[in-house]
Amino acid sequence: MKKILLALSAALLMALGVHAQAEIEFEKNVHDFGTMKQHGDATTEFKFTNTGSEPLIISNAKGSCGCTVPEWPREPIQPGESSVIRVKYDSKRIGPINKSVTITSNGSEQPKVIRIKGKIDAAPKADESAMPVKEPAAGAPKANN
């Protein structure tokens with residue numbers, strides 16, 4: 001009887017050990033920049049917490065294109081601790097934004113995806129007629145025409 005109880009206890013402990021892992025939970029999964037001007041600051045942060053029981057290790061964060069660049073913490077995030085993933089979008093492009101960042105980690109949800117969206121309007125062009133005209137310096141010789 002003792003052997004059976006011991007075996008069941010060991011099996012239960014192993015089963016519980018299998019479920020212990022990291023969990024990544026974001027405050028928000030989507031950031032909407034709204035409408036912004038071309039060349040504006042299109043950078044945001046996604047705050048997350050490790051809600052699991054093991055340290056969270058993010059091995060990669062990859063933007064859906066070269067215009068979306070994430071920065072993520074390289075050190076393990078301990079259970080209960082928080083950190084951020086910064087995402088920068090290249091706002092020289094005009095038009096709608098709908099990009100994703102795919103996060104690979106040792107968390108239970110694989111992969112985890114966060115998104116940015118919005119719209120970039122063209123920057124106003126400088127009106128050349130409103131540009132100041134450079135006058136010749138006082139006393140400078142005048143050109144003969």
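## The two faces of strand β3

Let's start with strand β3, which has a covered face made of T44, F46, F48 and N50, and an uncovered face made of T43, E45, K47 and T49. Helices and strands here are DSSP runs (H or I of at least four residues for helices, E of at least two for strands), numbered from the N terminus.

This is a predicted model, in which local features need pLDDT of at least 70 and side-chain atom pairs count only at pLDDT 80 or more, while totals for chains, interfaces and linings use all residues. Residues are numbered from 1 along each chain as its sequence is written, and side-chain values use heavy atoms, with hydrogens and water left out.

## The neighbours of β3

Two strands are said to pair if DSSP finds at least two bridges between them. On that basis, β3 pairs with β1 in the antiparallel sense, over three bridges. Here F48, from the covered face of β3, is the bridge partner of F26.

Strand β6, covering residues 82–89, also pairs with β3 in the antiparallel sense, and here there are seven bridges. In this pairing, V84 of β6 stands opposite K47.

## K47 and its salt bridge

K47 deserves a second look. A salt bridge is a side-chain nitrogen of Lys or Arg within 4 Å of a carboxyl oxygen of Asp or Glu, and K47 forms one with E27, with 3.9 Å between the closest N and O atoms. K47 lies in β3 (residues 43–50) and E27 in the loop between β1 (24–26) and β2 (30–37), so this salt bridge ties together parts that are 20 residues apart in sequence.

How open are these two residues? Residues count as buried under 20% relative accessible area, exposed over 50%, and partly exposed in between (1.4 Å probe, protein chains only). K47 is partly exposed at 38%, whereas E27 is exposed at 62%.

## A network around D90

The count of salt bridges comes to six. Among them are two that involve D90: one with K92, at 3.9 Å from N to O, and one with R93, at 2.8 Å from N to O. Through these contacts, D90, K92 and R93 are linked in a network of salt bridges.

The members of this network can be described by their accessibility too. D90 is partly exposed, with a relative accessibility of 27%. R93 is partly exposed at 35%, and K92 is partly exposed at 48%.
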